[in-house]
Amino acid sequence: MTDFARFVETHVERIAPLDREAALAYWEASLSGSDEHFRRFSRLQKRIEEIYADTGAFAVVRRAWEEDGIEDPLLKRSAGVLYRRYLGNQVDPALLGRIVELASEVEGAFGTFRTEENGKTLTMNDVHDILR
């Protein structure tokens, strides 16, 4: 196993549980509309983004991607995907944290929006019936 293959294996072991937990937190937040659920999602998303902001890990991925010596097509694809994912987070950590916070606020506003008509909150089915 190459050094990069070991890196990918370790990365997946580290990120997969967090990614799953964040997805479940988002799902719960979307269903409940609860501010606490959206805050939980935001905290988890920040942890994920911090992983991808790691400059040392990015250097490993960048080297693997740019050297083009990877023969295994799946590993080569992994290098490209990871390179692009890490690249987007190579910014000031404070800015990255603020971006995650704002994105979570937008998700919360969008996820909890409910149409109202004449003082009555409508479901999406109600809206579809009205628009038919």
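**Notes on a predicted helical model**

1. Let's start at the largest pocket: its lining residues split into 5 nonpolar, 2 polar and 3 charged. Do keep in mind as you read that this is a predicted model. The pocket has a volume of about 190 Å³. Around it you'll find T2, D3, F4, V60, R63, A64, E67, G69, I70 and L75. Two elements, α1 and α3, give two or more residues each to this lining. Of the elements, α3 gives the most, with 4 residues.

2. Now for the overall layout. The protein has 6 helices and 2 strands. Going along the sequence, you meet them in the pattern α-α-α-α-α-β-β-α. So if you want to find your way around, the strands come after five helices and before one more helix.

3. On to the overall dimensions. A compact globule of 132 residues would have a radius of gyration near 14 Å, whereas this protein has 20 Å. The C-alpha trace spans about 65 × 35 × 20 Å along its principal axes. Buried residues account for 31% of the 132 residues. As for contacts between residues at least 6 apart in sequence, 62% of them join residues at least 24 apart.

4. The largest nonpolar core deserves a look next. It holds 23 residues, and F4, F7, V61, L82 and Y86 touch the most other members. Helices α1 (3–32), α2 (35–52), α3 (55–67) and α4 (73–87) are the elements that each give two or more residues to this core. The most come from α1, which gives 8. As background, nonpolar side chains in soluble globular proteins tend to be buried together.

5. F4 is a good residue to click on, as it turns up in two of these places. It is among the core residues that touch the most other members, and it is also part of the lining of the largest pocket. Which residues is F4 in contact with, leaving aside its neighbours within four places in sequence? They are V60, V61, A64, I70, L75, A79 and L82. Among these, V60, A64, I70 and L75 also line the largest pocket, while V61 and L82 are, with F4, on the list of core residues touching the most other members.

6. Stay in helix α1 for a moment, where V8 is found. Is V8 buried or exposed? V8 counts as buried because its relative accessibility is 13%, which is under the 20% cut-off. Setting aside neighbours within four places in sequence, V8 is in contact with L75, S78 and L82. L75 and L82 are also contacts of F4. For a sense of distance, take V8 and T123: they are 115 residues apart in sequence, and their C-alpha atoms are 44 Å apart in space.

7. Q45 sits in helix α2. With a relative accessible area of 19%, Q45 is buried, though you may want to remember that the cut-off is 20%. Beyond its neighbours within four places in sequence, Q45 is in contact with A22, R85 and V100.

8. Next comes the second largest pocket, with a volume of about 160 Å³. D35, F38, R39, S42, E101, S104, E105, G108, A109 and T112 form its lining. At least two of these residues come from each of α2 and α5 (93–112). Here α5 gives the most, with 6 residues. By class, the lining has 2 nonpolar, 4 polar and 4 charged residues.

9. One of the lining residues of that pocket is S104, placed in helix α5. S104 is buried, with a relative accessible area of 8%. Apart from neighbours within four places in sequence, what is S104 in contact with? The contacts are F38, F41 and S42. F38 and S42 are themselves in the lining of the second largest pocket.

10. Last, have a look at N118. Where is N118? It lies in the loop between β1 (116–117) and β2 (120–121). N118 has a positive phi of about 50° although it is not a glycine. For context, most residues other than glycine have a negative phi. N118 counts as exposed because its relative accessibility is 80%, and the cut-off for exposed is over 50%.

Methods. Residues are numbered from 1 along each chain as its sequence is written. This is a predicted model: local features need pLDDT of at least 70, side-chain atom pairs count only at pLDDT 80 or more; totals for chains, interfaces and linings use all residues. Side-chain values use heavy atoms; hydrogens and water are left out. A nonpolar core is a set of buried Ala, Val, Leu, Ile, Met, Phe, Trp, Tyr and Cys residues joined through side-chain atoms within 4.5 Å. Buried means under 20% relative accessible area, exposed over 50%, partly exposed in between (1.4 Å probe, protein chains only). Contact means heavy atoms within 4.5 Å. On a 1 Å grid over the protein atoms alone, a cavity is a set of points where a 1.4 Å probe fits but cannot get out, and a pocket is an open set with protein on both sides within 12 Å along at least five of seven lines; lining residues have an atom within 4 Å of a point. Grid points are joined across faces, edges and corners, and a volume is the space filled by probe spheres set on the points. Ala, Val, Leu, Ile, Met, Phe, Trp, Tyr, Cys and Pro count as nonpolar, Asp, Glu, Lys and Arg as charged, and the others, Gly among them, as polar. The radius of gyration is taken over C-alpha atoms; the globule rule is 2.2 Å times the number of residues to the power 0.38.
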